[in-house]
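Dear colleague,

I am passing on the structure we spoke about, and below it you will find my notes on what turned up when I went through it. Please read them with the structure open beside you.

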Amino acid sequence: MSARVLIVAATKAEADAADRIAVPDDTSFSILVTGVGTVATTWAIAKWISSNPGPDLAINIGLAGSYGKNIYPGDVVMPVTDCFADAGIETSEGFRTLAEAGLEDPDRFPFSKGRIVAVNRFVRKADGIVKPVAAITVNTASGSAATIERLRKKYDPDIETMEGAAFFYVCSMADVPFIALRAVSNIVEPRNRDKWEIRLALDNLSLKLKEILVKHD
C-alpha cells in the first residue's frame, strides 16, 4: 500500500538529508522547508496541511543540541515529548511557565502535564532504530551557563531545538501521525561553534531517515 510522507525541516541544509536518499517504491514524499523557529514552522506546516491532502506520516528532521546524558555529536535521536520551554513569565521568584502562571491548562489537548507527547505506531516502530528522548523547544538557542542551568533544572531535557514543539503542536491539532528525528550537532554549552559536528550529524540523519522510511509501513 502506497504512503504519503511529509518531511519537515527548518533549513535547506537539514532538508538535504532527505533529498539524497532513495525513496521506497511504495512511498512518495514531499519536503517542506519552513524557516527557523516556532512561528515560521507553525505557519508553514499549517498552510501546507490546509492546502494538500493529509499525509499518512509527517517527519520532522533537523539538528539539535544535546544536554549530555550519553547523547553525543553525531547521534540521531527521536524526541517523544516536547514543550515550549521559554513561553511564560518572569517574576521576582524566577521563571514560571504559562501553566504555572495560571494562563493555560497544562492538560488541555494536545498537552499532558505541560508537554506534547508523540504516541503512535510510527513512534513505536522507530523506537528500535533510534533512541527516544525528551526535548525542549526555545526561541533563543541556549548559549550561556546561566540559561543552560535554568533550563536543565526546570525541564531535565535530553536535547534542545528551535522548532520541535511547534511541529508536535500542529500535527497533533491536525490529527496527522508524526515522528521527529534529530541529529546532535553539538553539546548545549556556552556557545563554541568550533566544536560543532554539523556534517557528521547530517550524514547520520540521512542514514537513519532512510531506515525509518523503509520500515514505516
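**Salt bridges and helix α4**

Arg-20, Arg-199 and Asp-203 are joined to one another in a network of salt bridges. Please bear in mind throughout that this is a predicted model.

Within that network, Arg-199 pairs with Asp-203, and their closest N and O atoms lie 3.5 Å apart. Both residues belong to helix α6 (residues 198-214), where being four residues apart separates them by about one helical turn. An α-helix has 3.6 residues a turn, so residues three or four places apart point the same way. Arg-199 counts as exposed, at 51% relative accessibility, whereas Asp-203, at 29%, counts as partly exposed.

The search of the whole structure gave 13 salt bridges, and two others among them may be of use to you. One is formed by Asp-156 and Lys-69, with 2.7 Å between the closest N and O atoms. This pair links distant parts of the chain, for Asp-156 sits in the loop between α4 and β10 and Lys-69 in the loop between β3 (57-66) and β4 (76-82), 87 residues apart. Asp-156 is partly exposed, with a relative accessible area of 47%, and Lys-69 is likewise partly exposed, at 38% relative accessibility. The other salt bridge brings together the side chains of Glu-93 and Arg-96, at 3.4 Å from N to O; here Glu-93 is exposed, with 66% relative accessibility, while Arg-96 is partly exposed, with 25%.

Asp-156 also leads to the helix that comes before it, since this residue, just after α4, takes a positive phi of about 50°. Which residues of helix α4 (residues 145-155) are buried? They are Ile-148, Leu-151 and Tyr-155, and because they cover an arc of only 70° around the axis, they lie on the same side of α4. The face turned away from that buried side carries the exposed residues Ala-145, Ala-146 and Lys-153.

As for what covers the buried residues of α4, the cover includes the strands β6 (94-97), β8 (115-117), β9 (131-137) and β10 (159-161). Two of the strands named there connect back to the salt bridges described above: Arg-96 falls within the residue range of β6, and β10 is the strand that follows the loop holding Asp-156.

With best wishes

Conventions:
Residues are numbered from 1 along each chain as its sequence is written. This is a predicted model: local features need pLDDT of at least 70, side-chain atom pairs count only at pLDDT 80 or more; totals for chains, interfaces and linings use all residues. Side-chain values use heavy atoms; hydrogens and water are left out. Buried means under 20% relative accessible area, exposed over 50%, partly exposed in between (1.4 Å probe, protein chains only). The arc is that of the directions from the helix axis to the C-beta atoms. Contact means heavy atoms within 4.5 Å. A salt bridge is a side-chain nitrogen of Lys or Arg within 4 Å of a carboxyl oxygen of Asp or Glu.
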